[in-house]
Amino acid sequence: MTDKNIQKLIDKYLEGATSPAEERQLAQELLRPDIPEEWQTIRLMLGELTMGEAQYDSIMAQHKQRPSAILIVIRIISSIAALYLIGLFFWLQQTPETETKTAYYNKVEQPQPAPQPQYCTEGTPREILMCYLEHRQAQPDTYRQLKQRTYENE
């Protein structure tokens, strides 16, 4: 605020036409150490209460900071976790739909396919190779037929 604006505010204060917010603003401006001597008396006229409020407001303005990035990240993570838990709770509360059968319901049951033999896909490369060789020795005709078909198709 410029000195002219401060002087206008002082004149308005001396006339008794200032609002409490303007008085606090004037008090904040008069807290500066480099004010003229004639304004020192206005500081005394404002009183300790108004000056104390102005000091408090200036201190609070300095300490008013945005939350740190870590705090923001923690808030976001906790919000997401809360939403996830609420969704999980409602999902677990659902009852499964049961299939209703009537007397006229004719469902043709399809035969289940025969279980496929287990092939060696897990373990170390040596274990996989040994398993493959055991299967090949147990069913030599199958592997021979597969080999013939691959050569015929090429």
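This briefing covers the overall fold, one helix pair and three single residues.

The model is predicted. Its chain has six helices and zero strands. Buried residues make up 11% of the 154 residues. Helices α1 and α2 pack at an angle of about 130°.

**Overall fold**

- From the N terminus on, the elements run α-α-α-α-α-α.
- The chain exposes about 14,100 Å². Carbon and sulfur atoms supply 56% of that area.
- Take the contacts in the chain with a separation of 6 or more: 40% of them join residues 24 or more positions apart.

**Helix pair α1 and α2**

- Helix α1 spans residues 3-15, and helix α2 spans residues 20-30.
- Their axes lie 10 Å apart, at an angle of about 130°. That angle makes α1 oblique to α2, because it falls neither within 65 to 115 degrees nor over 145.
- The crossing of α1 and α2 is left-handed.
- On the α1 side, the contact is made by Ile 6, Leu 9, Ile 10, Lys 12 and Tyr 13. On the α2 side, Glu 22, Glu 23, Gln 25, Leu 26 and Glu 29 take part.
- By class, this contact has five nonpolar, one polar and four charged residues.

**Glu 29, in helix α2**

- Glu 29 lies in helix α2 and is one of the residues that contact α1.
- Its relative accessibility is 17%. Glu 29 therefore counts as buried, since the cut-off is under 20%.
- Beyond its neighbours within four places in sequence, Glu 29 is in contact with Met 1, Ile 6 and Ile 35. Of these, Ile 6 belongs to the α1 side of the helix contact.

**Thr 18, between the two helices**

- Thr 18 is found in the loop between α1 and α2.
- Thr 18 has a relative accessible area of 15%, so it is buried. The limit for buried is again under 20%.
- Leaving aside neighbours within four places in sequence, Thr 18 is in contact with Leu 9, Lys 12, Tyr 13 and Glu 23.
- Leu 9, Lys 12 and Tyr 13 also appear on the α1 side of the helix contact. Glu 23 appears on the α2 side.

**Gln 40, in helix α3**

- Gln 40 has its place in helix α3, which covers residues 37-63.
- The relative accessible area of Gln 40 is 31%, so this residue is partly exposed. The value lies between the limits of 20% for buried and 50% for exposed.
- Gln 40 and Leu 30 are 10 residues apart along the chain. Their C-alpha atoms are separated by 7.8 Å.
- Leu 30 falls within the residue range of helix α2, 20-30.

Definitions and conventions:
Residues numbered from 1 in each chain as written. Predicted model: local features only at pLDDT ≥ 70, side-chain atom pairs only at ≥ 80, totals over all residues. Heavy atoms only, no water. Helix = DSSP H or I, 4+ residues; strand = E, 2+ residues; numbered from the N terminus. Buried < 20%, exposed > 50% of the residue type's maximum accessible area, 1.4 Å probe, protein only. Contact = heavy atoms within 4.5 Å. Areas by Shrake-Rupley, 256 points an atom, 1.4 Å probe, with all protein chains shown as cover. Axes fitted to C-alpha atoms, helices over the stretch in contact; angles between N-to-C directions. Parallel < 35°, antiparallel > 145°, perpendicular 65-115°, else oblique. Left-handed = near helix turned anticlockwise from the far one by under 90°. Nonpolar A, V, L, I, M, F, W, Y, C, P; charged D, E, K, R; others polar.
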